[in-house]
Amino acid sequence: MNNIKKEIYHYILKQLEQGNLSTGDQIPTEMQLAKQFRTNRMSAHLAIEILKKEGVVKRNKKAGTYIKNNITSKDILKLKNLSNNHVYIIANFSNPINLHW
């Protein structure tokens with residue numbers, strides 16, 4: 001996840017954690033988030049899609065994006081911890097002929 005998507009993602013989780021958003025609430029639109037974070041709408045869209053895949057929000061065409069009713073503070077903490085983990089891959093490409101897929 002790139003930095004701006006991660007910022008938007010964490011912003012929504014932080015709003016939930018602090019009680020500024022709760023279950024059933026509508027989150028800001030992609031355009032509002034893009035403007036707030038000075039990015040393009042696609043970055044906001046991708047951040048929201050990650051939240052959707054993780055079960056935090058549900059999207060309704062033309063009606064907006066809402067916090068799911070079954071999200072708990074325990075779920076939020078788990079998602080925050082998972083998103084802070086980094087995976088580093090070290091590769092040696094000095095001899096690419098021996099690479100096997």
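These are my notebook entries on a predicted model of one protein.

**Entry 1: the overall layout**

I began by counting the elements, and I found 4 helices and 2 strands in the protein. Reading from the N terminus, I wrote down the order α-α-α-β-β-α. Next I looked up burial: of the 101 residues, 29% count as buried. I also checked how far apart in sequence the contacting residues are. Among contacts with a separation of 6 or more, 56% join residues 24 or more positions apart.

**Entry 2: helix α1**

I then turned to α1, which covers residues 3-17. This helix has 15 residues and reaches 20 Å from its first C-alpha to its last, close to the 21 Å expected at 1.5 Å a residue. Which residues of α1 are buried? My list reads I4, K5, K6, I8, Y9, H10, I12, L13, Q15 and L16. Just after the helix I met G19, which follows α1 and has a positive phi, near 85°.

**Entry 3: helix α3**

My next stop was α3, residues 41-53. From its first C-alpha to its last, α3 reaches 18 Å with 13 residues, close to the 18 Å expected at 1.5 Å a residue. I noted S43, A44, A47, I48 and L51 as the buried residues of α3. Why do they lie on the same side of α3? They cover an arc of only 130° around the axis, so they sit on the same side of the helix. What do these buried residues pack against? I found α1, α2, β1 and β2 as their partners.

I picked S43 for a closer look, since its relative accessible area is 9% and buried means under 20%. S43 belongs to helix α3. Leaving aside neighbours within four places in sequence, I saw S43 in contact with I4, K5 and I8. I had already listed I4, K5 and I8 among the buried residues of α1.

**Entry 4: the largest pocket**

Rolling a probe the size of a water molecule over the atoms shows where empty space is left. In this model, the largest pocket holds about 190 Å³ of space. I listed its lining as Q26, I27, P28, T29, E30, H45, I48, E49, R59, N60, G64 and T65. Which elements each supply at least two residues of that lining? They are α3, β1 (57-60) and β2 (64-67). Of the elements, α3 gives the most, with 3 residues. I48 appears twice in my notes: it lines the pocket, and it is one of the buried residues of α3. Sorting the lining by class, I got 3 nonpolar, 6 polar and 3 charged residues.

**Entry 5: two residues with positive phi**

Most residues other than glycine have a negative phi. With that in mind, I looked up R38, which is not a glycine but has a positive phi of about 50°. Where does R38 sit? I found R38 in the loop between α2 (30-36) and α3. Is R38 buried or exposed? R38 has 80% relative accessibility, so it counts as exposed, the cut-off being over 50%.

My second case was K62, another residue other than glycine, with a positive phi near 65°. K62 is found in the loop between β1 and β2. Its relative accessible area is 91%, so I marked K62 as exposed too.

Note on methods. Residues are numbered from 1 along each chain as its sequence is written. This is a predicted model: local features need pLDDT of at least 70, side-chain atom pairs count only at pLDDT 80 or more; totals for chains, interfaces and linings use all residues. Side-chain values use heavy atoms; hydrogens and water are left out. On a 1 Å grid over the protein atoms alone, a cavity is a set of points where a 1.4 Å probe fits but cannot get out, and a pocket is an open set with protein on both sides within 12 Å along at least five of seven lines; lining residues have an atom within 4 Å of a point. Grid points are joined across faces, edges and corners, and a volume is the space filled by probe spheres set on the points. Ala, Val, Leu, Ile, Met, Phe, Trp, Tyr, Cys and Pro count as nonpolar, Asp, Glu, Lys and Arg as charged, and the others, Gly among them, as polar. Buried means under 20% relative accessible area, exposed over 50%, partly exposed in between (1.4 Å probe, protein chains only). The expected span of a helix is 1.5 Å times one less than its number of residues. The arc is that of the directions from the helix axis to the C-beta atoms. Contact means heavy atoms within 4.5 Å.
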